[in-house]
Amino acid sequence: MAAIYSLYIINKSGGLIFYKDYGSSGRMDTNDSLRVASLWHSMHAISQQLSPVAGCLGIELLEADTFDLHCFQSLTGTKFFVVSEPGTPHMDGLLKVIYELYTDYVLKNPFYEMEMPIRCELFDINLTQAIQKDRVALLGR
């Protein structure tokens, strides 16, 4: 049983630049993942504008019956969000680790162009290790 179903990274203009599916059932095709990313980008932007709280940064957690969606937005506007099992703890910490991996392996890559899809082998390897480490930590609790 996987605690994390999927990971999305969306650029500041709403384009899906990275998607990884970790769930074994209910896999989405490319079009569905693009729709989810676009919908989340729009909902996040609308929530910032409609919030009665001044300086709201948007939705950070969306809880549903069958999943939780945790979101982290960087200062540059890039959004990282994880879809996980309901009640999975410490997803905010995992999102920050993923952001660190993104800055270390994607942004420091001289061949990467901003706002373009992420194709970086070192990022993939270290991301897989971080997700596996998180799963082992969850099983140990």
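These are my notes from looking through a predicted model, strand by strand and then at one surface patch.

**Entry 1, the N-terminal hairpin.** I started with strand E1, residues 4-10, and strand E2, residues 16-21; they run antiparallel and are joined by five bridges. For a landmark I picked Leu7, which sits opposite Lys20 in E2. I then checked the turn: five residues lie between E1 and E2 in this hairpin, and Gly14 there has a positive phi of about 95°.

**Entry 2, E3 to E4.** Next I looked up strand E3, residues 61-63, which runs antiparallel to E4 and is joined to it by three bridges. These two make a hairpin as well, with four residues between them. Leu62 has Leu69 in E4 as its bridge partner.

**Entry 3, E4 to E5.** I followed Leu69 across to the other pairing and found Val83 as its bridge partner in E5. E4 and strand E5, residues 79-84, are antiparallel with six bridges. Their hairpin has five residues between the strands, and Gly77 takes a positive phi near 100° in it.

**Entry 4, is E4 enclosed or open?** I went through strand E4, residues 68-73: five of its six residues are buried, so the strand is largely enclosed by the rest of the structure.

**Entry 5, the nonpolar patch.** Leu62 turned up again here, making a surface patch of about 240 Å² with Leu39 and Met43. I placed Leu39 in helix H1, residues 30-50. Its relative accessible area is 52%, so I put Leu39 down as exposed, the cut-off being over 50%.

Notes
Residues are numbered from 1 along each chain as its sequence is written. This is a predicted model: local features need pLDDT of at least 70, side-chain atom pairs count only at pLDDT 80 or more; totals for chains, interfaces and linings use all residues. Side-chain values use heavy atoms; hydrogens and water are left out. Two strands pair if DSSP finds at least two bridges between them. Patches are made of residues with over 30% relative accessible area and no salt bridge: like charges are joined within 9 Å, nonpolar side chains (Val, Leu, Ile, Met, Phe, Trp, Tyr) within 5 Å. Accessible areas come from the Shrake-Rupley method with a 1.4 Å probe; for residues, only the protein chains shown count as cover. A salt bridge is a side-chain nitrogen of Lys or Arg within 4 Å of a carboxyl oxygen of Asp or Glu. Buried means under 20% relative accessible area, exposed over 50%, partly exposed in between (1.4 Å probe, protein chains only).
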